[in-house]
Amino acid sequence: MTVAQDQVISPSRFVFANVIYDEVPEQPPDDLVAFLRRTDPDDPLRGWKLTEDAIAFGDRELVSRMAAWQETFMKSWPLGQRSMLRLLRDLVQDEMDTLTERGRHLLDTLCGHRPELVGARIDVESFVHLDTVLQSVRSMINQAGRLGFGVIDTTPGSNRTGLLRAWSCALGGHVLAADPSCTVSIGHDGLRVEPGAGQPAISEIQEVSFTGDEVSLVTPNDVTDLPSTAVAPLAWLIPEATSWRIRSVPESVVWADTFAGVADGCDFAARHVADAILDHDGVPVAV
């Protein structure tokens, strides 16, 4: 799977459901103010985000302090990567007629299917309805019985549980990240890296491990060591881990965060009588 020679493809951003249940402070604490920016200067209810420099160079203590402060007025639930949410919408395209017009609108809102709905605010009643719609969607996915791929953190010293990322290939393979010299994609045979410079593509990758300036790629029949600079997009996929394993998972697990995040966020929003705001430009940061 190739891309244009000079094209750079960054990993898909994450969508978050944010429920702001208390007044958003006018300014962050003094020890955080240099690292945060307003999500929308014209809409203070959308809260604050870490600057790109803080995400790239800030330490975990900074992220922890920001998260603790933010939780005093807002709760957030990750709903998955934008690319997988768009795929979810495409997968149930043939079943959309079974949903109400309102249900279709809410699913389009969640999945970013219509650009004008990105960043939409959802009232409690609509959030509850979206949860009901997703229960139907999950049943459709389960009945199909397909498999996807999930990534498990194997970084030494890490105790992180659950899947770091999950992907479906139900509608064919697709590029996850790329630069002019390397393409990383997911397909029915799993993770595939095309290093370029005349080197053969590496498919069915089961394990990835970054050590120093090298990366090891484990397949069923071989281990390939490459300079990490030759496969930079591979590191972009999961910057919070240096070692990870890819495995098959039931396809519904690909959207486990989506189903659980909407259900939990919906319950919280109902208890606090607060709207939810869908952030379609989120960056997952390990705390």
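These questions and answers walk through a predicted model of one protein chain.

Q: How many helices and strands does the chain have?
A: The model is predicted, and its chain runs to 287 residues. Its secondary structure includes both helices and strands. The count is 8 helices and 16 strands.

Q: What share of the residues in the chain is buried?
A: A residue counts as buried when its relative accessible area is under 20%. The chain holds 287 residues. Buried residues make up 46%.

Q: What share of the exposed area do carbon and sulfur atoms supply?
A: The chain exposes about 14300 Å². Part of that surface comes from carbon and sulfur atoms. Their share is 48%.

Q: Among contacts with a separation of 6 or more, what share joins residues 24 or more positions apart?
A: Take the contacts in the chain with a separation of 6 or more. Some of them join residues 24 or more positions apart. These account for 66%.

Q: Which helix gives the largest share of the largest nonpolar core?
A: This core has 63 residues. Those with the most contacts inside it include Phe-127, Leu-191 and Trp-255. The largest share, 7 residues, comes from residues 124–144, which form helix α5.

Q: How many residues are in the other core, the one with Trp-69?
A: This core lies apart from the largest one. Among its members are Ile-20, Leu-50, Trp-69 and Ile-277. Its size is 14 residues.

Q: Which leucines does Trp-244 contact, leaving aside neighbours within four places in sequence?
A: Trp-244 is among the residues with the most contacts inside the largest core. Its partners include Val-151, Ile-152, Val-208 and Ile-238. Thr-154, Gln-206 and Glu-207 are in contact with Trp-244 too. The leucines are Leu-191, Leu-234 and Leu-237.

Q: How many residues apart are Asp-31 and Arg-65?
A: Their side chains meet in a salt bridge, at 3.0 Å from N to O. Asp-31 sits in the loop between β1 (14–20) and β2 (36–38), while Arg-65 is in helix α2 (residues 60–70). The pair therefore links distant parts of the chain, 34 residues apart.

Q: Why are Glu-61 and Arg-65 separated by about one helical turn?
A: Glu-61 and Arg-65 form a salt bridge at 3.6 Å, N to O. Both residues belong to helix α2. They are separated by about one turn because their spacing in that helix is 4 residues.

Q: Is Asp-153 buried or exposed?
A: Asp-153 meets Arg-160 in a salt bridge, at 2.6 Å from N to O. Arg-160 is partly exposed, with a relative accessible area of 26%. Asp-153 has 10% relative accessibility, so this residue counts as buried.

Q: Which residues are joined into one network by salt bridges that share partners?
A: The whole structure has 10 salt bridges. Arg-65 pairs with Asp-31, and Arg-65 also pairs with Glu-61. The network joins Asp-31, Glu-61 and Arg-65.

Q: In which strand is Thr-219?
A: Thr-219 is buried, with a relative accessible area of 13%. Not counting residues up to four places away in sequence, Thr-219 touches Ile-202, Ser-203, Glu-204, Ile-205 and Gln-206. Its place is in residues 214–219, strand β13.

Notes
Residues are numbered from 1 along each chain as its sequence is written. This is a predicted model: local features need pLDDT of at least 70, side-chain atom pairs count only at pLDDT 80 or more; totals for chains, interfaces and linings use all residues. Side-chain values use heavy atoms; hydrogens and water are left out. A nonpolar core is a set of buried Ala, Val, Leu, Ile, Met, Phe, Trp, Tyr and Cys residues joined through side-chain atoms within 4.5 Å. Buried means under 20% relative accessible area, exposed over 50%, partly exposed in between (1.4 Å probe, protein chains only). Helices (H or I, at least four residues) and strands (E, at least two) are DSSP runs, numbered from the N terminus. Contact means heavy atoms within 4.5 Å. Accessible areas come from the Shrake-Rupley method with a 1.4 Å probe; for residues, only the protein chains shown count as cover. A salt bridge is a side-chain nitrogen of Lys or Arg within 4 Å of a carboxyl oxygen of Asp or Glu.
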